[in-house]
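Student: Could you help me take a close look at a single part of this structure? I would love to go slowly, and to see how that part sits among its neighbours.

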Amino acid sequence: MALAVRMFAALSLFILMAACAPTVLVDESRSQSLVVGSIDIDASQFAGLKGREFQLPPEQVAADIERELRAVLTRPGAANADIKLVVTNFRLVSPGQALALGGQSAITGTLTVVDQATGAQIVPPTEVVGISEQLRLGGVIGAVTSPAADKDYRQTLRGFAASIHQQLYGVKPGEVGA
């Protein structure tokens, strides 16, 4: 019975998350012309990876986030906007949490996008959350299928970058209009 309840909760969470696309932070006309220049990642408020026995220095996490963001946000044309992201949390779902509840690993931060020419805020400081590419169900299945910590870390970086892409450009990476 308890397994059925956990499976129902995990399935409900999955359906809810699938239905809730990230909020688009930039109006459509601006998002079509937005070309990101600098990406500044501030990890000074980041207290380290949580949830698993996997640690990297904040500078490495910031560099990895910047690399993933640059990979998905790069567009042709002259840069006209700069990004600042203050990373506040990076949680990896442990096999124990996957066993009990399931869930997704996530990165949380505060995103600001500034117009290079005027210095005006295109996106004022806004909390953003990006989740791993892989949802883990609860129960034994979730614990058994839980990826290694380093793989979970990379999946969470990619999921976070894809979420930021969708919030700035209104489409997922690789879709028309990206």
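Tutor: Let's begin with a definition: two strands count as paired if DSSP finds at least two bridges between them. With that in hand, let's make the sheet our part, keeping in mind that this is a predicted model.

For orientation, the chain has six helices and four strands. Followed along the sequence, these elements come in the pattern α-α-β-α-β-α-β-β-α-α. The four strands form an open sheet in the order β1-β2-β3-β4, and the pairing within this sheet is mixed. β1 (36-42) and β4 are the edge strands, each pairing on one side only. From one strand to the next, the twist averages 20 degrees.

Start at the β1 edge. Five bridges link β1 to β2, and these two strands pair in the parallel sense. To find a spot to look at, pick D42, which stands opposite V86 in β2. β1 is mostly covered, with five of its seven residues buried.

Now go to the β4 edge. Here β3 (residues 106-115) and β4 (residues 121-131) run antiparallel, joined by eight bridges. You can trace the pairing with two examples: A106 has I131 in β4 as its bridge partner, while V113 stands opposite V123 in β4. Between the strands of this hairpin are five residues, and in the hairpin G119 takes a positive phi near 80 degrees.

Next, look at what lies on the sheet. Helix α3 lies across β1, β2 (81-91) and β3, and runs at about 160 degrees to β1. Helix α6 lies across β1, β2, β3 and β4, and its direction is about 145 degrees to that of β4.

How do these two helices meet each other? α3 (residues 58-73) packs with α6 at an angle of about 50 degrees, and their axes are 9 Å apart. That angle makes α3 oblique to α6. Their crossing is right-handed. On the α3 side, the residues in contact include V61, I65, L69 and V72, and on the α6 side they include L157, F160, A161, I164 and L168. Some residues with charged side chains also take part, among them D64 and E68 in α3 and R158 in α6.

It is worth pausing on α6 itself. Of its 21 residues, 16 are buried, so this helix is largely enclosed by the rest of the structure. Can we check its length too? What span should the 21 residues of α6 (residues 149-169) have at 1.5 Å a residue? They should span 30 Å, and the end C-alpha atoms are 30 Å apart, which agrees. Just after the helix comes G170, with a positive phi near 80 degrees.

Finally, step back to the whole chain. Of its 178 residues, 42% are buried. Among contacts with a separation of 6 or more, 73% are between residues 24 or more positions apart. So when you turn the model, try following the sheet from β1 through β2 and β3 to β4, then find α6 lying across these strands.

Methods:
Residues numbered from 1 in each chain as written. Predicted model: local features only at pLDDT ≥ 70, side-chain atom pairs only at ≥ 80, totals over all residues. Heavy atoms only, no water. Expected span 1.5 Å × (residues − 1). Buried < 20%, exposed > 50% of the residue type's maximum accessible area, 1.4 Å probe, protein only. Axes fitted to C-alpha atoms, helices over the stretch in contact; angles between N-to-C directions. Parallel < 35°, antiparallel > 145°, perpendicular 65-115°, else oblique. Left-handed = near helix turned anticlockwise from the far one by under 90°. Contact = heavy atoms within 4.5 Å.
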